[in-house]
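Reader: I would like to learn how to read a structure like this one. Could you show me, feature by feature?

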Amino acid sequence: MSVPPPEVSPQITGSLWELIAVQLRRHRKERGMSGEALGRLLDVNRSTVSRYESGKLKLQEHHAIKIDIAWNTNWLFTNLVRFAKEGHDREWFATHLELESKASELRIWEYAWIPGLFQTEDYTRALVRAAGLENIDAEVAARLKRQERLSRPGAPAMWVILDENVITAQIGSPEVMRAQLARLLELAERPNISVRIVPRSAGEHVGRDGSFKIMTVDGVDSAYIEAAGEGRLVQDATDVRSYRARFDRVGDVALPVRASIDLIRQVMEGLA
């Protein structure tokens, strides 16, 4: 069996998103179209086209539809993007951490735990230990390092909404939870951080589907949806807008800021 020469060997990609980037570049060049011309078709700048073709930015579905119509590709790019969005990417968590570190705004809805950026070391250690992870010290150190973002100049504006269960569930000992709630109150006093609580009395609401965060970097929103093991990163503009709307709807059933602070303090003082 003969082996094709290097110049015609197939290009192997590691994910559907990489395949989309490769195919986008190949189809554009086959049509003799410049990056600027493709940018005009998509109503984006040349830099965005370059980022699509390098895989640094994921092709958005509405752009895929425009490409398929203009190039008559039998919905190739639309289907690839839809399949890629439904699959799992090993790089999602790492990309989410990078976006979090650069974000000018963070919107967090948390249904289960104190957000990682707000956790004390003892609280984090209790969670990591419960998860059965092997290198507990390394996992704790990595999470605490993320919190340096809150102390540097240009710390993000943060809107954080927590389910009441987050502040009443005992993680670790009562002393651990008391210190964690004290830390939460301390952060809530910062002018760039808003903390609100959704009371149990709110009943059913859209937030019960699960936790997520929205990160704004250079005016562009991305959403990260929490899940067991690893979560999912959402960067398609239409999909992200749906999470912005969901965040606002969760906020509709949350207590006002001052009432939320009072509830946190009441729970903290009730701990033995």
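Reader: Let us start with two helices. What is the handedness of the crossing of α2 and α4?

Author: Happy to start there, and please keep in mind that this is a predicted model. The crossing of α2 and α4 is right-handed.

Reader: How do I describe such a pair in numbers?

Author: Two packed helices are described by the angle between their axes and the distance between the axes. For helix α2 (residues 35–42) and helix α4 (residues 61–71), the axes come within 10 Å and cross at roughly 110°. That angle makes α2 roughly perpendicular to α4, because angles of 65 to 115 degrees count that way.

Reader: Which residues of α2 and α4 make the contact?

Author: On the α2 side you will find L38, L41 and L42. On the α4 side, look for H63, K66, I67, A70 and W71. Sorted by class, the contact of α2 with α4 has six nonpolar residues, one polar and one charged.

Reader: Let me try the same reading on another pair. At what angle do α7 and α8 pack?

Author: Helix α7 (residues 121–131) and helix α8 (residues 136–146) pack at about 130°, and their axes are 9 Å apart. An angle of that kind is over 115 but not over 145, and α7 and α8 are therefore oblique to each other. The crossing of α7 with α8 is right-handed.

Reader: And which residues meet there, in α7 and α8?

Author: From α7 come E121, T124, R125, L127, V128 and R129, and they meet I136, D137, E139, V140, R143 and L144 of α8. By class, this contact of α7 with α8 has five nonpolar, one polar and six charged residues.

Reader: Now the strands, please. In what order do the six strands stand in the sheet?

Author: To read a sheet, follow the strands from one side to the other and note how neighbours pair. Here the order is β3-β2-β1-β4-β5-β6, in an open sheet with mixed pairing. At the edges stand β3 (193–198) and β6, each with a single partner strand, so one side of each is left without a neighbour in the sheet. On average, and ignoring direction, neighbouring strands of this sheet are turned by 15° against each other.

Reader: What does mixed pairing look like around β1? Which way do β1 and β2 run, parallel or antiparallel?

Author: Strand β1 (residues 105–110) and strand β2 (residues 157–163) run parallel, joined by six bridges. You can trace the pairing in the residues: L106 has M158 of β2 as its bridge partner, and E110 has L162. With strand β4 (residues 212–217), β1 runs antiparallel, over five bridges. Look there for I108, which stands opposite K213 of β4.

Reader: How many bridges pair β2 with β3?

Author: There are six, and β2 and β3 pair in the parallel sense. In this pairing I161 has R196 of β3 as its bridge partner, while L162 stands opposite I197.

Reader: Are β1 and β2 covered or left open?

Author: A good way to judge is to count the buried residues in each strand. In β1, five of its six residues are buried, making the strand mostly covered. β2 is mostly covered too, with five of its seven residues buried.

Reader: What about a residue outside the strands? Where is the place of A227?

Author: A227 sits in the loop between β5 (220–225) and β6 (232–234). Its relative accessibility is 45%, so A227 counts as partly exposed. Sequence and space can also be read side by side: A227 and S211 are 16 residues apart in sequence and 8.0 Å apart in space, C-alpha to C-alpha.

Reader: To finish, what should I note about the protein as a whole?

Author: Its secondary structure comes to 12 helices and six strands. The C-alpha trace spans about 75 × 45 × 40 Å along its principal axes. Of the 272 residues, 44% count as buried. Among contacts between residues at least 6 apart in sequence, 69% join residues at least 24 apart.

Terms used:
Residues are numbered from 1 along each chain as its sequence is written. This is a predicted model: local features need pLDDT of at least 70, side-chain atom pairs count only at pLDDT 80 or more; totals for chains, interfaces and linings use all residues. Side-chain values use heavy atoms; hydrogens and water are left out. Axes are lines fitted to C-alpha atoms, for helices over the stretch in contact, and angles run from 0 to 180 degrees between N-to-C directions. Helices (H or I, at least four residues) and strands (E, at least two) are DSSP runs, numbered from the N terminus. Angles under 35 degrees count as roughly parallel, over 145 as roughly antiparallel, 65 to 115 as roughly perpendicular and the rest as oblique. A crossing is left-handed if the near helix is turned anticlockwise from the far one by less than a right angle, and right-handed if clockwise. Contact means heavy atoms within 4.5 Å. Ala, Val, Leu, Ile, Met, Phe, Trp, Tyr, Cys and Pro count as nonpolar, Asp, Glu, Lys and Arg as charged, and the others, Gly among them, as polar. Buried means under 20% relative accessible area, exposed over 50%, partly exposed in between (1.4 Å probe, protein chains only). Two strands pair if DSSP finds at least two bridges between them.
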